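Student: Could you take me through one part of this model in detail? I would like to look closely at the place where two of the chains meet.

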Number of protein chains: 4
Amino acid sequence: MFETSFSSPEVLDALGERSVVAAMLHFEAALARAQAAAGLIPATAAQSIIGTCKVDLFDVAQILRESRRAGGVAASLVARLKETVGLFNQEAAAYVHFACSDRSLIETALALVTRDVLGWIDADVSRIATTLLALAERHTALPMLARSGLQPVAVSSFGLKCAGWAAPLVGSRQRLRRAADRALTVQLGAAVGALASLEQREGEIIGLMARELGLAVPKSPWHAPREEWTALACELGLLAGSLGRLAQDLALMSQHEVGEVTEPVKAAALVASHGYPRRSSSACMAAWACAHHAPQRVAALLAAMSREDAHAADTWPVEWTDWSQLLMSAHGSARALAQMLPGLQVHPERMRAHIDGLRAQLSKNEAETCFDPALALEAGQITRQQLQLLQGELGSHPPGAAAG
Amino acid sequence: MFETSFSSPEVLDALGERSVVAAMLHFEAALARAQAAAGLIPATAAQSIIGTCKVDLFDVAQILRESRRAGGVAASLVARLKETVGLFNQEAAAYVHFACSDRSLIETALALVTRDVLGWIDADVSRIATTLLALAERHTALPMLARSGLQPVAVSSFGLKCAGWAAPLVGSRQRLRRAADRALTVQLGAAVGALASLEQREGEIIGLMARELGLAVPKSPWHAPREEWTALACELGLLAGSLGRLAQDLALMSQHEVGEVTEPVKAAALVASHGYPRRSSSACMAAWACAHHAPQRVAALLAAMSREDAHAADTWPVEWTDWSQLLMSAHGSARALAQMLPGLQVHPERMRAHIDGLRAQLSKNEAETCFDPALALEAGQITRQQLQLLQGELGSHPPGAAAG
Amino acid sequence: MFETSFSSPEVLDALGERSVVAAMLHFEAALARAQAAAGLIPATAAQSIIGTCKVDLFDVAQILRESRRAGGVAASLVARLKETVGLFNQEAAAYVHFACSDRSLIETALALVTRDVLGWIDADVSRIATTLLALAERHTALPMLARSGLQPVAVSSFGLKCAGWAAPLVGSRQRLRRAADRALTVQLGAAVGALASLEQREGEIIGLMARELGLAVPKSPWHAPREEWTALACELGLLAGSLGRLAQDLALMSQHEVGEVTEPVKAAALVASHGYPRRSSSACMAAWACAHHAPQRVAALLAAMSREDAHAADTWPVEWTDWSQLLMSAHGSARALAQMLPGLQVHPERMRAHIDGLRAQLSKNEAETCFDPALALEAGQITRQQLQLLQGELGSHPPGAAAG
Amino acid sequence: MFETSFSSPEVLDALGERSVVAAMLHFEAALARAQAAAGLIPATAAQSIIGTCKVDLFDVAQILRESRRAGGVAASLVARLKETVGLFNQEAAAYVHFACSDRSLIETALALVTRDVLGWIDADVSRIATTLLALAERHTALPMLARSGLQPVAVSSFGLKCAGWAAPLVGSRQRLRRAADRALTVQLGAAVGALASLEQREGEIIGLMARELGLAVPKSPWHAPREEWTALACELGLLAGSLGRLAQDLALMSQHEVGEVTEPVKAAALVASHGYPRRSSSACMAAWACAHHAPQRVAALLAAMSREDAHAADTWPVEWTDWSQLLMSAHGSARALAQMLPGLQVHPERMRAHIDGLRAQLSKNEAETCFDPALALEAGQITRQQLQLLQGELGSHPPGAAAG
């Protein structure tokens, strides 16, 4: 609950119960269509099944309520689907979920849901990176203090700072896509003892389903994708780490006493219930708070790898809690920054004032070695080289492509 | 989502948005009543406010939707409450949330919600401990292999095993109560600049509110309870650890090849969708899986202690996610075991068969040193002493008392 | 390695291999003396054993090297001890580690080592709290911006800030002591099948040993102290959280641009290899970095509670790694702050300048509501009340008492 | 301490202080040689520096002791190196660590140390995978119960089980190598204000150093490799997860009551100090215990990504603690399994007995659907296909190549 303030309606929907059940039905429809095409089940049965696989025909809450008694959500949904198909076409009911394991159903459905959320994350990260590169271009050699351990260590440029924030995000996006391609596959395992019924057509069926569902084909039909999923979780953790650092840096720079950047202030927030006009860094704080939870969630999923009950059909919802929360960590962090950054206000005069203030406290020699504003020109040179590299990488992966 | 299978309707309700908003209104009503009693606000205003603090009068979803714009959930609720009170009594509106900080409202409301969930956890843990002590009494000196690192190391008794499971649970219950008493207090801080309006009556007001809300009085009115909350989280983590160990031990003992205990099987689950009668250890697996997540959630809350944004009024929902999930870890684990344990089947003949089987592989001397069934008598003696101690401790804290 | 920079020679020694082996020998000597007093073993045998239990007589590295082959460190040490005792008194060798389990030896030895480290932590935390209370007294009503989410929200006082830092530390110290009393007990379990040899004198023997070793008597002789140990770990995690927050707050206040406090600067560090005089916040950064690791280490110990191999005599060194690192997190953080704080420089003029600078940006009304320097007087009143409470609590637990 | 039992002398050496200091000197020598080749420093100075960069010439303990005062280990070593070079060649001292940042020195040295440890891990994982594939080949269609949630769910084959264990390890090895190639690069940043001295020759110098040190060239000279390092940590976490699962599965299968496999027993361990011949699963338990710690250590490194002090030159040793412990988790787990697996004893008769025992409890129909031993033939077919795939992948990356 209360996630509303840290997420978006689309993603809360995508991770909801209805959405997962819809994805399960999507799987069953694709399975029936592919099995009919391969001649494993009658075409008329497939048509009945496909026609019934519509989430509006089902009572999602009931399917969940019955899941414990039925031996898992998959079993519960399959039972309801058989029943409903049987109302119209008694024979077709036997071909629902034909020779298929419950685990395949659940894992593929979660892959579908995850893919949608990753699409939104990708778009937000792309927006953040694009904005940062534009800032880097505009302020290539703008002098600013570089800090380490919260203390000034040299003069650098705001452009270089922006490029440094963008670099890991551009890299993360690429790696997330690669990891998603390996993890988000059609899973199709035979139910126990049903391997013969598939007549060695799994490869063909998986290929057809992959095309319909927009997922990848796994390296081998029996390949347990657990480590690929956990690898994808790690990538989300890395992304959250980079977003968290960006959020934290911006929050520090927008402290009242530093004031080198400020978040755009909405008139409404100015009055708030506080009764005073607060210069807020609330987007950064929210992004930071979201990102901060990712490491624990990655650890939970890594720890689950060596659990005996790992991904057993009836305990997967426990993993799913961590998984969906990890997606929300990354999404919440990316969303808050993607909405705020385009309106970020940059204050060159404050950057300069801090440099001058520091120089005034130093001996001439000290001031010139590390705190000469001209050092920003050197930083600017590096910025330009970085920009070229990063713009190339970002450009070759437009945001639309991920969800496609 | 999908938590249904690992929780109970009561707890899912208690942790829901409506429940938190109801608790907030409960706080505002208690505040108004206490401030009127102390003469800080007019009695008629208090009556209007108290009469309006009913969750049915409010649109919970709207309050949440508006929370970001309003500067937090507290601000959003207070705004709606003022508006609604004002419809009936224009003057009373000014006395809503009088001189009170937003953070006080949120933290006290979460204390109320948490107290309810802890009541259910306490009852379940009490049921588990009672059942284990009864088992220990019935099987005091029943010979059974003691194992370490999954290998037999000696003969002990099943009674001693049960007493060993019960001991940390009995201790956890007591410590959880103490920790709850320290953490679940009325919080009442003045809004910035409003301290004078309280006329140094905070102590009196807090006392009245504590009585009405059934919460404790904090050590000092300005005492930040953050470390007490996190200490309570640690106690939940410790409880989950003990429950997880019990669940794991039982799951290992109920392996098909070991079969020393078995979970009661519901006829319905026998057929399941698997098509074969599976001797299930699903309650243990669920309890184990739930418990397994607690350490990460405790770590998340410990890490949050040193965050700058910690408990800032507008980022607390991020903590609340971890907090409510930790409550659900402990509750889910306790609930699964509390429901299953009373029906646990014990199989003395399998326990004996494993001892005999092992002895047959050993030399006579070896068999007598560590694997003499008579060693169970020694274990039985210890069991009886433990039982007396534990029954005394458990008896002095009946389950009802927690929520009271 | 490299821990030198974040610890102290005493604590590195206390956690070293030699120190643990010495504690094991201390246990064996106390065991022999107590068993002789109880008439279980001959007094002459006890004298031989006690005389031989000196760490200088043993090759610590060899004991560790042989531990894997011997089946654990305890077995390895006991074998060497028997051998050495036997050189002088052949009969006495049979009474070494008489009827005692290996686990008792290891766990009691670690309790001894832990108690020593906790003594140092206690002294440092006491020093920090004392210094903070002195600062609170000196600057009771000194006006300073209160900040939330890194932004100013009101005027408060530096004294109140100091009291707020001290409060959780004073509480932590008390709770750590209580937790240590419960966890750091003599463990004395019979070796398998040797219970009869003890003639039901365990209670008496434990009492004697507890007095000699300066440890507590466990609630029951067979009480597994695992959850008490993990509870102690949680307390260390909570302490680290409070220290981390203090370190972080100070680091933020000592930023060049804020400058409300500054760490004392050693002349040597001024030049450093950097070539410029850096105003450092390195003590705070070190304390923060140390504290930051505690949550993961607590999580590792909580997770270990439900591990089958938990505290099995031959895998305990894995837990010990986390345990000793957690001790070092808390110690490193406390040490860095305890050394730096007495020299902390406070800059009232910068505190005032930030208030005035902010007020200049606000309307008169806004400035007066939350940012009136007179609000520091209100804060000062609260500070005085807090101080009285905290000085009382701190005074009733002088630092020396912990190690005693 | 006590890590000896869970590691190997080589790796303990590689992660020791002496080894890190040696790597730092290796860096300084390579830097001098490359800068001389690029004409930035005199060839005679380079020769003096190279000749002095020998760890035997330095007092490692002293360098560490002085590191706090000097402002970090890098500064401490550079000071000593300058002094020592100056003894022989006064002019050369000025060219030690020429224009180079301290951070470059530390990070490259740690890359060298890490590379060595990864080489040993790679060799062990390769040995484990090879052994598992050989077992899969020998027992392709050997009937065995497949279990989920610790209960039998079907008949499968031991060969398929072995292939399933090998698959993620083969994948992990490849990914670890790729991640290492990206993370383990020469770092070469200019000291603040010294960029001009490098005359834009960084690219050339880095190339020369990379060749000499056997590290990769970073994507850009100013590319902060933090996320690549953390990505490498994630890969180690994934490897540990797969090793932990293997260890746990083997430990469960070698329970006394299951006995489908057994660890090779060394005669020495039979007697142990326990006094009874324990059928041990100690290698598995050790491997499991080591693996179990990896998730927390990955979380610690992920959390460090967004820390302000992240990789500040003077707090990196705190990260290094987690980093070296993570390496030890993966190494300890791999080492224990690599040493034990080649001697693993497989007991087909016990596998068969469990199948038959279960069938005897089921109805004929139930027994045939899921527990027909002939199902092992189907599993065998899949095993053969998997084997071909995995042998190909494993073969194309021989173990020697990693360290090369």
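Student: By what turn and what shift along the axis can chain B be laid on chain C?

Tutor: Happy to help, and keep in mind that this is a predicted model. A turn of 180° with a shift of 0.0 Å along the axis lays chain B on chain C, and the RMSD is 0.0 Å. That is the relation of a two-fold axis. Now let's look at the surfaces that meet. Of the interface residues of chain B, 98% are also interface residues in chain C, so the copies meet through the same surface.

Next, the extent of the interface. On the chain B side 52 residues are in contact, and they touch 51 residues of chain C. Between the two chains about 4300 Å² of area is buried, and carbon and sulfur atoms give 61% of it.

There are specific pairings to find as well. Two salt bridges cross the interface of chain B and chain C. Arg175(B) forms a salt bridge with Glu228(C), and their closest N and O atoms are 2.9 Å apart. Four residue pairs are also in polar contact across this interface, with both residues at pLDDT 80 or more.

Which pieces of chain B build its side? The elements giving two or more residues to it include the strands β1 (143-148) and β2 (151-157), and the helices α8 (158-183), α10 (226-253) and α17 (375-395). The most comes from α10(B), with 14 residues. Sorted by kind, the residues on the side of chain B that touches chain C are 24 nonpolar, 16 polar and twelve charged.

Terms used: Residues numbered from 1 in each chain as written. Chains lettered and ligands numbered in written order. Predicted model: local features only at pLDDT ≥ 70, side-chain atom pairs only at ≥ 80, totals over all residues. Heavy atoms only, no water. Contact = heavy atoms within 4.5 Å. Buried area = accessible area lost by both parts, 1.4 Å probe. Salt bridge = Lys/Arg side-chain N within 4 Å of Asp/Glu carboxyl O. Polar contact = N/O pair within 3.5 Å; in protein donor to acceptor, adjacent residues only side chain to side chain. Helix = DSSP H or I, 4+ residues; strand = E, 2+ residues; numbered from the N terminus. Nonpolar A, V, L, I, M, F, W, Y, C, P; charged D, E, K, R; others polar. Least-squares fit on C-alpha atoms with pLDDT ≥ 70 in both.
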